[in-house]
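Hello,

I am passing on the structure below, and after it you will find my notes on what turned up. Please read them with the structure open beside you.

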2 protein chains.
Amino acid sequence: MTNADGAAPGGPIDVFARRPKRADARRNYEKLLAAAREAYAEAGVSASLEDIARRAGVGIGTLYRHFPTRQDLFESVYVDEVEALCRAADELAGLPPWAALAGWLRRFVSYAATKRAIAEALNHDSPVFATCRKAIGDAGQPLLRRAQDSGDARPDASFDDVLRLVGGVTMYPFADPAQLERVLTMALDGIRVRPAG
Amino acid sequence: MTNADGAAPGGPIDVFARRPKRADARRNYEKLLAAAREAYAEAGVSASLEDIARRAGVGIGTLYRHFPTRQDLFESVYVDEVEALCRAADELAGLPPWAALAGWLRRFVSYAATKRAIAEALNHDSPVFATCRKAIGDAGQPLLRRAQDSGDARPDASFDDVLRLVGGVTMYPFADPAQLERVLTMALDGIRVRPAG
DNA sequence: TTGCAAACGGAGGCAACCCTCCGTATGGTG
DNA sequence: CACCATACGGAGGGTTGCCTCCGTTTGCAA
């Protein structure tokens, strides 16, 4: 699923074709991505670009060369996250239907929890976001369908419904992990078909 | 529960003692609150103060006289919302346990939906927020307890758990009201005790 | 080693926002 | 009506962030 040459059609989301080739450029590119991830987690989408460059230890000019617009930087970070999420779906595919769905949704939560900022920007429409949403759907939908076919998940829930419910849960950080667990359980119970007896 | 003189102990949250007395001042005060509500809904907590003054049709100086800090303005708007929410709990008290709880939670959602900004700030600690959180608890807790006593709501859920679950649902606006309804139903189902057969 | 395309850093001009200060206007009371 | 405490508006100084531009540095291929 990961192929050596970064440009294979149908491979990872195509934004990656952009990754620079020269050694120093590439190094800075990665540093910027990491710094941005950090800054978004702390300050939300409105994190200052100059702060990001500072964190990365590069000049502001370098940031702009790699990511001409704020949106470009944001999208690149986002794409990374989405890829990880999609990979998780593959890994869970072997489990029984409900376990696979629940496991993936938990993963979804932990991804959304650290990256509040990501959710904030999901509205903005851009081809990249559209692609990513589709990628998430392709990864998660089969899990939901399977859980519905096996009678575990309620048949009237759409994939989007489920993401909204589960994604909302961790909109704000939980001080107590046990509470996250309780709330998440309630959410999953809301998705599950009620047992007959 | 609402008393004519604004300063009675145990009456509405005491921030309101601050409301100005002169007619023009009072008018501007209200215009600023309304403008801020609007701005927060559109731009989140980081809405520009100058924009708020502009919307209200008053000078920036006037804004600062009434609300010396950003926090002051924010809190005043917030307190208004919380009061409405508390009033709703009283009004619903006559219904059967589950209906009362579910009704209040729906109200809670609609309050949170328009005011994304409010949720954003729930973390910040300040005496006013603490008071408001307590007021919300005082209003809603009894509804939950009653629904738990009657066997409708799951006994292992804390009030805070419930608010998190339901509040998260509408973190992002729903284009389709029917979807909001579906998702909300799932959330409420997660809170409800599963019927025995 | 050498040469140059590619990449780097950050100064600087511009815009938005924050908040203070003060001269002007006005509601309400005597 | 006249007075003044109260309230008003917005100019202006300071800060921060955005983004462009260009002189300097560096990877790498020949």
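A good place to begin is the protein–DNA contacts, where a polar side-chain atom of Tyr64(A) lies 2.9 Å from a phosphate oxygen of DNA strand D. Please keep in mind throughout that this is a predicted model.

Staying with DNA strand D, a polar backbone atom of Gly59(B) is 3.0 Å from one of its phosphate oxygens, and an N or O atom in the side chain of Arg65(B) is 2.4 Å from a phosphate oxygen of the strand. In total 21 residues surround DNA strand D, and the closest are Arg70(A), Arg22(B), Asn28(B), Thr62(B) and Arg65(B). Of the atoms of DNA strand D that come within 4 Å of the protein, sugar and phosphate account for 59%. Which helix gives the most to the surface near this strand? That is H3(B), with five residues.

Turning to DNA strand C, there are 20 residues around it, of which Asn28(A), Gly61(A), Thr62(A), Arg65(A) and Arg70(B) come nearest. Here, too, sugar and phosphate make up 59% of the strand's atoms that come within 4 Å of the protein. A side-chain N or O atom of Tyr64(B) is 2.9 Å from a phosphate oxygen of DNA strand C, and a polar backbone atom of Gly59(A) is 3.0 Å from a phosphate oxygen of that strand. A base is involved as well, since a base nitrogen of DNA strand C is 3.3 Å from a polar backbone atom of Gly61(A). The elements that give two or more residues to the surface near DNA strand C are helix H1 (23-43) and helix H3 (60-66) of chain A, together with helix H1 (23-43) and helix H2 (49-56) of chain B, and H3(A) gives the most, with five residues.

How are the two protein chains related to each other? A rotation of 180° with 0.0 Å of shift along its axis superposes chain B on chain A, with an RMSD of 0.1 Å, and that is the relation of a two-fold axis. Because 97% of the interface residues of chain B are also interface residues in chain A, the copies meet through the same surface.

Finally, the largest nonpolar core has 119 residues, and those with the most contacts inside it are Ile52, Trp104 and Ile191 of chain A and Ile52, Trp104 and Ile191 of chain B. Domain 1 (14-72) and domain 2 (77-191) of chain A both give residues to this core, so it lies between them. Among the residues that Ile191(B) touches are Met186(A), Trp98(B) and Leu105(B).

Best wishes

Conventions: Residues numbered from 1 in each chain as written. Chains lettered and ligands numbered in written order. Predicted model: local features only at pLDDT ≥ 70, side-chain atom pairs only at ≥ 80, totals over all residues. Heavy atoms only, no water. Core = buried A, V, L, I, M, F, W, Y, C linked by side-chain atoms within 4.5 Å. Buried < 20%, exposed > 50% of the residue type's maximum accessible area, 1.4 Å probe, protein only. Domains from an automatic or database assignment. Contact = heavy atoms within 4.5 Å. Least-squares fit on C-alpha atoms with pLDDT ≥ 70 in both. Near = heavy atom within 4 Å. Polar contact = N/O pair within 3.5 Å; in protein donor to acceptor, adjacent residues only side chain to side chain. Helix = DSSP H or I, 4+ residues; strand = E, 2+ residues; numbered from the N terminus. Lists of a residue's contacts leave out its neighbours within four places in sequence.
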